[in-house]
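Visitor: I am new here and would like to know how the words used for a structure are earned. Could you walk me through a few of them?

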Amino acid sequence: MITAWIDSHLLSFIVFAPMLWGLLLLPLSERQAPLAKLLGLLGSFGILVVAAMQLLHLPADPMGQVFAERFPWFTAVGIPVDYHLAVDGLNLWLVLLTTFLVPVTLLGTWNSIGKRAGTAVALFLMLETGMLGALVAQDLLLFYLFWEAMLLPMYFLIGVWGGDERQYAATKFILFTLSGSLLWLVALLFLGGKAGSFAPAVMAQTVAGLPFPVQSTLFLAFALAFAIKVPLFPLHTWLPDAHTQAPTGGSVLLAGVLLKLGSYGFLRFALPMFPDAALHFALLLAVLSTVAIVYGALVAMVQTDIKKLVAYSSVSHMGFIMLGIASMTVIGTQGAMLQMLNHGISTGALFLLVGMLYDRAHTRKISDFGGVALKMPVFTTFFLIVTLSSIGLPLTNGFAGEFLILNGTYVSGFGWGRPLACVATLGVLLSAVYMLWMVKRVFWGPANPAEDSGTAHLHGDLTSREVAVLLPIVVLIFWMGLHPQTFLAQSESQVARAVAQDRAPQARPAFLSAEVKP
Amino acid sequence: MNLTAGELSAIMPLLIPALGACLLPIAALDKDQASVKWIRASMFFIALLALTGGFFYLTRLWASGAQPSFGALRMDRLAQFGGIFVLVTAAMAVLQLWDHLHAEGWVKGETLSLLLFSVTGMMLFCATGNLIVLFLGLELLSLPLYALTATVRTRERALEGGMKYFLTGAVASACFLMGAALVYGATGSMELSVIGPRLAAGPLDPIALAGAALLLLGFLFKMSVVPFHQWTPDVYDAAPHPVSGFMSVATKGVAVLALMRVMAVGLPAVGPQFRSALAVVAVLSLLLGNLAALAQTSVKRMLAYSSISHAGYLLLGFVAGTPAAYAGVLFYLLAYLAMNMGAFGLLSALGLVGDEVGFEQLKGLGWKRPGLGIAVSLCLFSLAGLPPMAGFYGKYMIFKELILTGHVSMAVVGVLASLVSVYYYLGIPVALFMGKPSQQAEREAAERPAVLAPLAGATVLICGFLLVLLGLLPGTVLDGFARPAAEETVRLAR
């Protein structure tokens, strides 16, 4: 009976089971922390298995909405709010990424959570509910609720288990995010009141009937909330603080999924609902994205803390994703879709690796290291692979995504596409500079001679647990690099629909679209 | 005097707490040391019995759909809503008072008696359409509160706060009475249902407008809205924690309910003027309440300023002025009841007494009392308006109506104000879960006997639970409870 229920309410199960499981873990005491960690890991792994079994063999493109659940939830005052969940081309792989990253995070940070691990695991599981719910929500108000519900677990993860400046970072994180989303709420209510519904399709029709200045204002309210989450330059200042102060697991999920929800919001809601306004502001978005790419890379270059370096590299990489979306071409947007997955895996892995290094050396300063390769060859191998994927070396996942994005920007046919693509390509180059320079200083050369250096504290290479965490990531890195089509197949028609509303068809030369087809 | 069954059922909800209030001082007469424990317990039991009795009577009345009246007293839907609201708040306050007064070492029968008299006054206040009876209700609810503020009279600050409340409150009451007199002069009636049509019939009489403005002042004072708010932080600081919670919730709530009735029934003619005045004071309250709360180091003063800002949100619903907005206001009141009683209840549950409770004293306590910490965090998230807690839906309903009636800029002010509020509300969870107590505080805590305040703790847990429930089922509660009461008001106006 339970399996039958799960079959008919698959998404509700996937979304809410982690939270309920987490609530069950809450009463476990401090001494039972290992049990809580084990149960949390098993629970999240179970969700991954269920999600993978059900979602990996879905109909090919166009897949439409599958596993849809829809019923009126809250129709009290005027505007009906639907409980409407569904998986479609846009969110399929992000859902899988999320369910994959949570067990990876739990296993990867097994020993580094420290005190009150049981509560932390419960919060991770609640965070998973928020993330998955936001991804599969098809009703805008429902999306808003999940979007906000994500904040609290992350807030506590940063604020309780974070570094020395954790309270400041946690408060900054929540205030920044809320400042965007509250104004967005006003726009949402305004539009919902006009449309009489929170269904994006209905709202889009209403938008088409509004005067352009109103459309633009509403679009900006939507864009602000999403851009803060991405984060787009100049709204990125909360990110380095949050990342450096967050515990390793928090950073992985923050970079891996939470940031993606910003760009996902653009793709699913902001662009399709406001085609005219989006077109109007596309140049602004593209320029800001390009600035983010170069600025993030330049700032990353001068960081002395490895984790902060990775955090700024995130700003740069998220700039790529936004550039692909702002190009308003199918190819660029498909590249952005792929790059969302890439960034989730590569940067998530980088944060995990930095965490592993920190657990051993208790420092993250680049100058404290040197010659790590001599002491930890296996770790170095993994780190190098992930670094190369983050740089975007051909055959790794980063390349395919960045290539498609730059390609899409180049052909976007606005006149500004080519110079922006050229500048953004500089970002690829810069990413090689800051990553490889960091690798050189940390891993190569003779061991750091100082007695108290980070290298001196390194004892023992990766444990089998850590290898077990990293191996699937490496497999994914190469799989996505060698055959990106697996991850792009389902989204194309939906992306094309989202983009077609925005762009005249001549911006999508036939030979380029053909290239992405199987 | 012969009462019909209908008349009796109209006054019964008021009679039950009033009877309890009269019984309590008798119980407090006994000074015998040996039996003092039992007497105290029976006092609280009587108080709870009176409140629950009134509660069950009212819920049955609500379920039956009857709306009896007795003279100027109308136990209609709105009044029943107000009665249930006040009785639940008071019951929580009584439970918290048990723990708090024991912690203070000041358990007196008159405290509960005063509380019950105030409850009676509040129920009368939101159950009448006659200006004189309204004034009676106002006084009956206010006078016991002045005394309750200063009830722990060994503390200097309590006396100062009580005096301050009394003096300012007396001025507000005088204004209210003057307003009633002017309205009477202009229309020749004290009945709202007569005043309404008479005012609407001709051009607006300036005397009536002045009277209406003075009436409004009385309400705004009780709601603690800027610029009639100065007493609030001092009084909340001075009063015992549960009494502060009770004042912040129940007084504000009944003032909102009574204002709703007065505006809808008696003064629709001055509706536009009222709305623009309310828009101004609402925005001022939002700004001042939230900004001043940012700077507070004392938890109670922070909550006091926050209650000023919440009055601002409630008034935004009046600015929108649609039936749905009124329903949203009532829903907001229900959420506000749970979240504010929970927040004030934390202080009693942790056994914190003394003139000032700072955030410092809360540090690290969340890990020692996890259930309490989680429940009160839910209350504060709800106060901050974070979804999916009930407070979010209250704001959502009010903002939505504001936007639909074309007050987009006010909605923007409202959300920005609630953004500011997130910062200071999170101060409590931050202190509870993220702060480390200083060594001195830990030493002091080790010396003090462990505090076990089960009743106050239970109220906080109930509040947290209620907020989650309201957040999951906003539609059910709204349709079943808030909307009938609000629609009743609008129907009366027609």
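Guide: Happily! Please keep in mind that this is a predicted model. The scores that come with the model are ipTM 0.83 and pTM 0.89.

Visitor: How confident is the predictor in chain B, and which helices have the lowest and the highest mean pLDDT among its elements?

Guide: Chain B has a mean pLDDT of 88, and 98% of its residues reach 70 or more, on a scale that runs from 0 to 100. Among the elements of chain B, helix α19 (residues 439–447) has the lowest mean, 75, while helix α5 (residues 131–149) has the highest, 93.

Visitor: Let us turn to single residues. What makes A:Val121 count as buried?

Guide: The cut-off for a buried residue is 20 or more other C-beta atoms within 10 Å of its own. A:Val121 has 29 of them within that distance, so A:Val121 is buried. You will find A:Val121 in helix α5 (residues 117–136) of chain A.

Visitor: Which residues is A:Val121 in contact with, once neighbours within four places in sequence are left aside?

Guide: They are A:Leu25, A:Ala36, A:Lys37, A:Gly40 and A:Leu106. Contact here asks for C-beta atoms within 7 Å. As for A:Leu38, its C-alpha is 9.5 Å from that of A:Val121, although 83 residues separate the two in sequence.

Visitor: How do you know that the length of helix α17 of chain A fits what is expected?

Guide: α17(A) covers residues 377–391, which is 15 residues. The expected span is 1.5 Å times one less than the number of residues. For this helix that gives 21 Å, and the first and last C-alpha atoms are indeed 21 Å apart, so the span is close to the expected one.

Visitor: What do the buried residues of α17(A) pack against?

Guide: They pack against α14, α15, α16 (372–375), α18 (397–410), α19 (417–443) and α21 (464–482) of chain A. Among these buried residues are A:Phe379, A:Phe382, A:Phe383 and A:Val386. After the helix comes A:Gly392, with a positive phi near 100 degrees.

Visitor: Which residues other than glycine have a positive phi?

Guide: Two to look at are A:Met328, with phi of about 60 degrees, and B:Ser224, with phi near 55 degrees. A:Met328 is in the loop between α14 (306–326) and α15 (330–361) of chain A. B:Ser224 is in the loop between α8 (206–223) and α9 (231–238) of chain B.

Visitor: Why are A:Met328 and B:Ser224 called buried?

Guide: The same cut-off of 20 applies. A:Met328 has 30 other C-beta atoms within 10 Å, so A:Met328 is buried. B:Ser224 has 27 inside 10 Å and therefore counts as buried too.

Visitor: Where are the cis peptide bonds in the loop between α10 and α11 of chain A?

Guide: One runs from A:Val230 to A:Pro231, with omega near -15 degrees. Another joins A:Phe233 and A:Pro234, where omega is about 0 degrees. Both prolines are found in that loop, between α10 (212–229) and α11 (238–245).

Visitor: How many residues does each chain bring to the contact between them?

Guide: Chain B brings 28 residues and chain A brings 26. On the side of chain B that touches chain A, α17(B) gives the largest share, eight residues.

Visitor: What kinds of residue make up that side of chain B?

Guide: It divides into 23 nonpolar, three polar and two charged residues.

Definitions and conventions. Residues numbered from 1 in each chain as written. Chains lettered and ligands numbered in written order. Predicted model: local features only at pLDDT ≥ 70, side-chain atom pairs only at ≥ 80, totals over all residues. Helix = DSSP H or I, 4+ residues; strand = E, 2+ residues; numbered from the N terminus. Buried ≥ 20, exposed ≤ 12 C-beta atoms within 10 Å, placed from the backbone. Contact = placed C-beta atoms within 7 Å. Nonpolar A, V, L, I, M, F, W, Y, C, P; charged D, E, K, R; others polar.
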